[in-house]
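Open the model in your viewer and keep the sequence panel beside it. The stops below say what to select and what is found there.

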Amino acid sequence: MGQQAGLDGPARALGDHLQVGIYATDEELVGFVARLRELFAEFAALGPRPDRTRRLLTTVLLPAADGQAAAPDRAGPAEPDRR
């Protein structure tokens with residue numbers, strides 16, 4: 001699975017971005033989103049503590065525009081699959 005990330009190593013824990021292009025049926029996407037919600041709930045339940053920093057995670061899930069393929073192995077915007 002390809003990803004586009006800005007930071008490497010320990011700095012990644014302080015702030016980062018992630019973009020992944022996936023192919024999924026509607027059924028697969030429903031399962032994927034359910035698993036994400038479970039993971040988010042697990043960490044949201046941890047609550048505040050002196051050694052924890054509150055971080056915001058935002059997700060946006062959109063279908064690719066017609067004619068666009070996901071670009072899982074390179075940085076930058078997706079381009080049409082010309083194979």
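Is Leu-36 buried, partly exposed or exposed? Select Leu-36 in this predicted model: the residue lies in helix H1. Its relative accessibility is 28%, so Leu-36 counts as partly exposed, given that buried would require under 20%. Keep Leu-36 selected and add Thr-59, which is 23 residues away along the chain. The two C-alpha atoms are separated by 9.9 Å.

**Whole chain**

Now zoom out and colour by secondary structure. The protein chain has one helix and two strands, in the order β-β-α from the N terminus. Of the 83 residues, 5% are buried. The accessible surface comes to about 7700 Å², and carbon and sulfur atoms account for 56% of that area. For contacts between residues at least 6 apart in sequence, 35% join residues at least 24 apart.

**Confidence**

Recolour by pLDDT. The average over the protein chain is 76, and 63% of the residues score at least 70. Which element has the highest mean pLDDT, and which the lowest? Helix H1, residues 26-44, has the highest at 94, whereas strand S1, residues 4-5, has the lowest at 48. Select residues 1-5 next: pLDDT is below 50 over this stretch, which nevertheless has 21 contacts in the model beyond near neighbours in sequence. Then select residues 73-77, where pLDDT is also below 50. Beyond near neighbours in sequence, that stretch has five contacts in the model. Where pLDDT is low, the predicted coordinates should not be read in detail.

**Strand S2**

Move to strand S2, residues 18-19, and pick Gln-19 within it. Gln-19 is partly exposed, because its relative accessibility of 48% falls between the 20% and 50% cut-offs. Add Thr-59 again: Gln-19 and Thr-59 are 40 residues apart in sequence. Their C-alpha atoms are 9.9 Å apart in space.

**The segment after H1**

Select Leu-61, which is placed in the segment after H1. Which residues does Leu-61 contact, leaving aside its neighbours within four places in sequence? They are Leu-29 and Val-33. Draw the C-alpha to C-alpha distance from Leu-61 to Val-33 and the viewer should give 9.4 Å, for a sequence separation of 28 residues.

**A nonpolar patch**

Switch on the surface and select Leu-39, Phe-40, Phe-43, Leu-46 and Leu-57. Together these residues make a nonpolar surface patch of about 500 Å². Take Phe-40 from this set; Phe-40 is found in helix H1. With a relative accessible area of 32%, Phe-40 is partly exposed. That value also meets the patch criterion, because patch residues need over 30% relative accessible area.

**The salt bridge**

For the last stop, show side chains for Arg-49 and Asp-51. How many salt bridges does the structure hold? There is one, and it is formed by Arg-49 with Asp-51. The closest N and O atoms of the pair are 2.7 Å apart, which satisfies the cut-off because a salt bridge needs such atoms within 4 Å. How do the partners compare in exposure, buried or exposed? Arg-49 has 43% relative accessibility and counts as partly exposed, while Asp-51, at 56%, counts as exposed because its value is over 50%.

Notes. Residues are numbered from 1 along each chain as its sequence is written. This is a predicted model: local features need pLDDT of at least 70, side-chain atom pairs count only at pLDDT 80 or more; totals for chains, interfaces and linings use all residues. Side-chain values use heavy atoms; hydrogens and water are left out. Helices (H or I, at least four residues) and strands (E, at least two) are DSSP runs, numbered from the N terminus. Buried means under 20% relative accessible area, exposed over 50%, partly exposed in between (1.4 Å probe, protein chains only). Contact means heavy atoms within 4.5 Å. Accessible areas come from the Shrake-Rupley method with a 1.4 Å probe; for residues, only the protein chains shown count as cover. pLDDT is the predictor's confidence in each residue, from 0 to 100. Patches are made of residues with over 30% relative accessible area and no salt bridge: like charges are joined within 9 Å, nonpolar side chains (Val, Leu, Ile, Met, Phe, Trp, Tyr) within 5 Å.
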